[in-house]
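This report describes a single molecular model, with attention to its helices, its aromatic pairs and its surface. The sequence and structure are shown first.

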Amino acid sequence: MTIASFCRTVTGLLVTYGFISGDAACIFHLPNYAEIKGSSPRQAASLFSAMGAGGIFTRVVIGLMASSPSTEYTLLQFGIVGVTGLITIFFPLFSSTYHCQIAFALLYGLYSHGTNSLMGPLTIQLTSLSDVAIGFGIVYFSCGIGYLLGPVIASFIYDVTQVYDYTFVFGGACFLLSSMSTAGISLFQTTVIPDRTLSI
């Protein structure tokens, strides 16, 4: 493995781990946080519906964009994950009403769920068709680590500070770390020439 290939692999892990940790922390704590801010349990549960509505739209749109040969996957990932991080970090400042919580959930789903459509293209871009199975293995292993550690770290932050706002700051910081790691991919990126032809 060359130095450039090693750096791309590590950066790809940071992208996935950072995103999934932030995502897991936000989803895990959002209902309780909404109730603390005055929303009813039914209103808190409805935030996931708003999140899903935004996710449906963005997965289709990002999927269509990723199908274009001229699309820069890393630039697209950098943008949507970076915006997700900013939305998450500033959410505590505008979370006092149910309407603002619904707006956050819709925007969060709109931006964060788009990365699911980019997971495949980015994995192939970091590896090659012959190594794509290994690439996906690394990606999903990183997803497992993120889902395992994200809520635990966020809960620890809440236990220590007794302030739920900091858990969303942590989640937003993870998203921003992921976004910066995506920018780092382009620094070590080399063009991968497919060495296998797929036929149907």
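A disulfide is defined as a pair of cysteine sulfur atoms within 2.5 Å. By that criterion, the structure holds zero disulfides. The model is predicted: local features need pLDDT of at least 70, side-chain atom pairs count only at pLDDT 80 or more, and totals for chains, interfaces and linings use all residues. Residues are numbered from 1 along each chain as its sequence is written, and side-chain values use heavy atoms, with hydrogens and water left out.

**Cysteines and burial**

Residues are called buried under 20% relative accessible area, exposed over 50% and partly exposed in between (1.4 Å probe, protein chains only). Cys-143 is buried, because its relative accessible area is 9%. Cys-100, at 32% relative accessibility, is partly exposed.

**Helices 2 and 6**

Helices are DSSP runs (H or I, at least four residues) numbered from the N terminus. The expected span of a helix is 1.5 Å times one less than its number of residues. The table sets out two helices on this basis.

| Helix | Number of residues | Expected span | End-to-end C-alpha distance |
|---|---|---|---|
| Helix 2 (residues 41-66) | 26 residues | 38 Å | 38 Å |
| Helix 6 | 30 residues | 44 Å | 42 Å |

For helix 2, the distance between the end C-alpha atoms agrees with the expected span; for helix 6, the reach is close to the expected value. The buried residues of helix 2 include Ala-44, Leu-47, Met-51, Gly-54, Thr-58 and Ile-62. In helix 6, the buried residues include Gly-135, Val-139, Cys-143, Gly-146, Gly-150 and Pro-151. An α-helix has 3.6 residues a turn, so residues three or four places apart point the same way.

Leu-148 is also found in helix 6 (residues 132-161), but Leu-148 counts as exposed, because its relative accessibility is 56%. Its C-alpha lies 8.4 Å from that of Ala-24, although the two residues are 124 apart in sequence. Just after helix 6, Gln-162 takes a positive phi of about 60°, although Gln-162 is not a glycine. Gln-162 belongs to the loop between helix 6 and helix 7 and is exposed, with a relative accessible area of 52%.

**Aromatic pairs**

Rings of Phe, Tyr and Trp (its six-membered ring) pair if their centres lie within 6.5 Å; planes under 30 degrees apart count as stacked, over 60 as edge-to-face and the rest as tilted. A search of the whole structure finds nine aromatic pairs. One of them joins Phe-91 and Phe-104, which are stacked because their ring centres are 3.8 Å apart and their planes stand at 15°. This pair links distant parts of the chain: Phe-91 is in the loop between helix 3 and helix 4, and Phe-104 is in helix 4, 13 residues apart. Phe-91 and Phe-104 are both buried.

Tyr-108 and Phe-175 form an edge-to-face pair, with 6.0 Å centre to centre and 70° between the planes. Here Tyr-108 of helix 4 is linked to Phe-175 of helix 7 (residues 165-188), 67 residues apart. Tyr-108 and Phe-175 are likewise buried. Ring pairs join these four residues with Tyr-33, Tyr-158, Tyr-164 and Phe-168 into a cluster.

**A nonpolar surface patch**

Leu-86, Phe-90, Leu-93 and Phe-94 make a nonpolar surface patch of about 440 Å². Patches consist of residues with over 30% relative accessible area and no salt bridge (a side-chain nitrogen of Lys or Arg within 4 Å of a carboxyl oxygen of Asp or Glu); like charges are joined within 9 Å, and nonpolar side chains (Val, Leu, Ile, Met, Phe, Trp, Tyr) within 5 Å. Accessible areas come from the Shrake-Rupley method with a 1.4 Å probe, and for residues only the protein chains shown count as cover. Within the patch, Leu-93 lies in the loop between helix 3 (73-90) and helix 4 (98-112) and is exposed, with a relative accessible area of 61%.

Key: Helices (H or I, at least four residues) and strands (E, at least two) are DSSP runs, numbered from the N terminus.
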